[in-house]
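Here is a short briefing to read alongside the sequence and the model. Shall we walk through it topic by topic?

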Amino acid sequence: MALPEPITALVAALNRLPGIGPRSAERIALHLVQSERADIKQLAEAIVRARERIQFCSICGALTEDSPCDICSDARRDGSVVCVVEQPVDIFSVEKSGTFHGKYHVLGGKISPLDGIEPEDLRISELEKRLAQEPIKEIVIALGTDVEGDATGYYLGKQLARPGLKITRIAHGLPAGTGLEFADELTLSRALEGRREMN
């Protein structure tokens, strides 16, 4: 027996979410249509409210309710060290390690010519503006260890090189071909502590 069209449409919508395959999407959809209306309304309102209230930080690109974000506004953070990450969610991963006390910069992706993503599509010019305006002495490149992450790190190392600026890359501990969201706190902590200068 085929599922009714509204359930099929809900399954298709859920299946577009990251980490949810067709079977999980179907299970979630069936659970939702059998739940209390009040619970579903509360869930829908929470999704809409989060989407309406969350924005990107005007300085670093993090997800925040107020811009600039709490990290950029925190005078206790070390403004001389900036950790460059691919996506806003990577900030949460690094913060969980508890070892980084500087600030952040979100690129918004990685250089990937096959996917049509060139350097000008990323937030590199914003980072260069920050270098001119803020007392940054070290850039820590914390990108995944896949081909695109390596290429982006290499590009940043060449593009941002200037006297008095140290450019490092988190060194070891991250599995090849994965992103920061898959690394545990200890692995990330060791990778940050073992960062090395890029040549």
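## Serine 93 and its surroundings

Setting aside neighbours within four places in sequence, serine 93 touches Leu180, Glu181 and Leu188. Serine 93 sits in helix H5 and counts as buried, since its relative accessibility is 10%. Please keep in mind that this is a predicted model.

**The chain as a whole**

- The chain has eight helices and seven strands in its secondary structure.
- Its C-alpha trace spans about 70 × 35 × 35 Å along the principal axes.
- Of the 199 residues in the chain, 38% are buried.
- Taking contacts between residues at least 6 apart in sequence, 54% join residues at least 24 apart.

**The nonpolar cores**

- The largest nonpolar core holds 22 residues, and Val85 and Phe100 have the most contacts inside it.
- Two or more residues of this core come from each of helix H4 (70-73), strand S3 (78-85), helix H5 (88-97), strand S4 (102-106) and helix H8 (185-193).
- A second core, separate from that one, has 16 residues, among them Ile136, Ile141, Leu165 and Ile167.
- As background, nonpolar side chains in soluble globular proteins tend to be buried together.
- What does phenylalanine 100 contact, leaving aside its neighbours within four places in sequence? Its partners are Arg77, Val81, Val82, Cys83, Val94, Glu95, Val140 and Leu192.

**Strands S3 and S4**

- S3 and S4 run parallel and are joined by five bridges.
- Valine 85 has valine 106 of S4 as its bridge partner, while cysteine 83 is partnered by tyrosine 104, also in S4.
- Both strands are mostly covered: six of the eight residues of S3 are buried, and in S4 five of five are buried.

**Helix H7**

- Helix H7 covers residues 147-160, and its 14 residues should span 20 Å at 1.5 Å a residue; the C-alpha atoms at its ends are 20 Å apart, which agrees.
- Which residues of H7 are buried? They are Gly149, Thr152, Gly153, Leu156, Gly157 and Leu160.
- Looking down the axis of H7, the buried residues fall within an arc of 140°, so they line one face of the helix.
- Val147 and Tyr154, on the other side of H7, are exposed.
- The cover over the buried residues of H7 includes S3, helix H6 (124-133), strand S5 (138-141) and strand S6 (166-169).
- S3 therefore turns up in two places in this briefing: it gives two or more residues to the largest core, and it is part of what covers the buried residues of H7.

**Cysteines**

- Searching the whole structure turns up zero disulfides.
- Cysteine 57 is in no disulfide, and the nearest cysteine sulfur, that of cysteine 69, lies 3.8 Å away.
- Cysteine 57 counts as buried because its relative accessibility is 3%.
- Why is the sulfur of cysteine 72 not bonded to that of cysteine 60? The sulfur in cysteine 60 is the closest cysteine sulfur, but at 3.7 Å it is too far for a bond, given that a disulfide needs sulfur atoms within 2.5 Å.
- Cysteine 72 is buried as well, with a relative accessible area of 11%.

**Glutamine 55 and the cis peptide**

- Glutamine 55 is found in strand S1 (residues 55-56).
- Is glutamine 55 buried or partly exposed? With 35% relative accessibility, glutamine 55 counts as partly exposed.
- Glutamine 55 and glutamate 65 are ten residues apart along the chain, and their C-alpha atoms are separated by 6.0 Å.
- Apart from neighbours within four places in sequence, glutamine 55 is in contact with Ala62, Leu63, Thr64, Glu65, Asp66 and Ser67.
- Ser67, one of those contacts, is joined to proline 68 by a cis peptide bond, with omega about 0°.
- For context, most peptide bonds are trans.
- Proline 68 belongs to the loop between strand S2 (63-64) and H4, and H4 is one of the elements giving two or more residues to the largest core.

Key. Residues are numbered from 1 along each chain as its sequence is written. This is a predicted model: local features need pLDDT of at least 70, side-chain atom pairs count only at pLDDT 80 or more; totals for chains, interfaces and linings use all residues. Side-chain values use heavy atoms; hydrogens and water are left out. A nonpolar core is a set of buried Ala, Val, Leu, Ile, Met, Phe, Trp, Tyr and Cys residues joined through side-chain atoms within 4.5 Å. Buried means under 20% relative accessible area, exposed over 50%, partly exposed in between (1.4 Å probe, protein chains only). Helices (H or I, at least four residues) and strands (E, at least two) are DSSP runs, numbered from the N terminus. Contact means heavy atoms within 4.5 Å. The expected span of a helix is 1.5 Å times one less than its number of residues. The arc is that of the directions from the helix axis to the C-beta atoms. Two strands pair if DSSP finds at least two bridges between them.
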